[in-house]
Amino acid sequence: MNLKPFLIAAALGLSAALAGCASMGPARIFSSDYGAVKDAGYQLPSIPISQVPRQYHRQIVPFETKEKPGTIIVDTREKFLYFVMEDGKAMRYGIGVGREGFEWAGTARIAMKREWPTWTPPRAMIGRQPELAKWAQGMPPGISNPLGARALYLFNKGGDTGYRLHGTPEWKSIGRAMSSGCIRLINQDIIDLYNRAEVGAKVIVKR
């Protein structure tokens, strides 16, 4: 009996099986997309992404949910934001979340989107940090602005929640709980999310 054709077929079958297993992982991880970016006249610096834990790099992951594509789901415990896509997948971003005492959870909608937004510290924040009083009428857009390159404004039935999905120049805060309640992303990531998310999109924030 000539075993050669059988062994070749078996080898091909094994290769196909292994290829199928490999395809079950993330479709793509975007670790190379954190270079310097010139955007609307502003120069965003590159991010030393190798210093950010790999799980917080932007990537496409399997994600089962009953929510429709375009929905944003924020997992504050795991420090991930998911943008729901077709075919059981989601674009996943690493995030920074509110520190103890400043957490927020609930369901809202994106009411507005702003490129290079002005930041106005809430009155309560100025009370805690009087040095911010100089920005009571708004801090101009820029590289050091706490809202970063983009902001998505969350409203619910009661109106403005005061919470935002926004960029941050503080890339070291990704994966940590240290904000005043808003959800922050690396600037290169918030630009990507801004381009995907639509006004009116549902946002679910889970603790």
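Select I29 in β1 and look across to β4: the bridge partner there is Q59. The two strands, β1 and β4, pair in the antiparallel sense over two bridges. Keep in mind as you click around that this is a predicted model.

**Zoom out to the sheet**

Now colour by secondary structure. The chain has three helices and 14 strands, and 10 of those strands form an open sheet with mixed pairing. Walk across the sheet in this order: β1-β4-β7-β6-β5-β14-β9-β10-β11-β13. Your starting strand, β1 (28–29), is one edge, and β13 (183–186) is the other edge; each pairs on one side only.

While you're zoomed out, a few totals for the whole chain. Of its 207 residues, 42% count as buried. The accessible surface comes to about 11600 Å², and 54% of that belongs to carbon and sulfur atoms. Among contacts with a separation of 6 or more, 65% are between residues 24 or more positions apart.

**Select β6**

Next stop, residues 80–84, which make up β6. Is this strand buried or exposed? Five of the five residues of β6 are buried, so the strand is largely enclosed by the rest of the structure. Show the side chains and you can check each face: F80, Y82 and V84 sit on one side, L81 and F83 on the other, and all are buried. That fits the usual pattern, because side chains in a regular strand alternate between the two faces of the sheet.

Now look at the strands beside β6. On one side, β5 pairs with β6 in the antiparallel sense over four bridges; select D75 and you'll find F80 as its bridge partner in β6. β7 also pairs with β6 in the antiparallel sense, this time over five bridges. To see that pairing, select V84, which stands opposite A90 in β7.

**Two turns to inspect**

Follow the backbone from β5 into β6. These strands form a hairpin with four residues between them, and K79 in the turn has a positive phi of about 65°. K79 is not a glycine, which makes it worth a click, because most residues other than glycine have a negative phi. K79 is also buried, with a relative accessible area of 14%.

Then carry on out of the other end of β6. Another hairpin, between β6 and β7, also has four residues between its strands. Here the residue to pick is D87, with a positive phi of about 60° although it is not a glycine. Is D87 buried or exposed? At 71% relative accessibility, D87 counts as exposed.

**The aromatic cluster**

Go back to β6 and add Y56 and F63 to your selection of F80 and Y82: these four form one aromatic cluster. The model has four aromatic pairs in total. Start with Y56 and F80: their ring centres are 5.7 Å apart and the planes meet at 55°, so this pair is tilted. Y56 comes from the loop between β3 (42–44) and β4 (59–62), F80 from strand β6, and the two are 24 residues apart. Both Y56 and F80 are buried.

Now turn to F63 and Y82. Their ring centres are 4.3 Å apart with planes at 15°, so this pair is stacked. F63 lies in the loop between β4 and β5 while Y82 is in strand β6, so the pair ties together parts that are 19 residues apart in sequence. F63 counts as buried at 17% relative accessibility, and Y82 counts as buried at 11%.

**D189 and its surroundings**

Select D189 in helix α3 (residues 187–196). D189 is buried, with a relative accessible area of 0%. What does D189 contact, leaving aside its neighbours within four places in sequence? The residues are Y34, R58 and Y93. Draw a distance between the side chains of D189 and R58 and you'll find a polar contact of 2.8 Å.

Stay on R58 for a moment. The charged end of R58 sits over the ring of Y34, 5.6 Å from the ring centre. So one view takes in R58 with both D189 and Y34.

**Last stop**

Finish with R150 and Y194. The charged end of R150 sits over the ring of Y194, 5.2 Å from the ring centre.

Technical notes. Residues numbered from 1 in each chain as written. Predicted model: local features only at pLDDT ≥ 70, side-chain atom pairs only at ≥ 80, totals over all residues. Heavy atoms only, no water. Buried < 20%, exposed > 50% of the residue type's maximum accessible area, 1.4 Å probe, protein only. Polar contact = N/O pair within 3.5 Å; in protein donor to acceptor, adjacent residues only side chain to side chain. Contact = heavy atoms within 4.5 Å. Phe/Tyr/Trp six-rings, centres within 6.5 Å; stacked < 30°, edge-to-face > 60°. Lys NZ or Arg CZ within 6 Å of the ring centre and 35° of its normal. Areas by Shrake-Rupley, 256 points an atom, 1.4 Å probe, with all protein chains shown as cover. Pairing = 2+ DSSP bridges.
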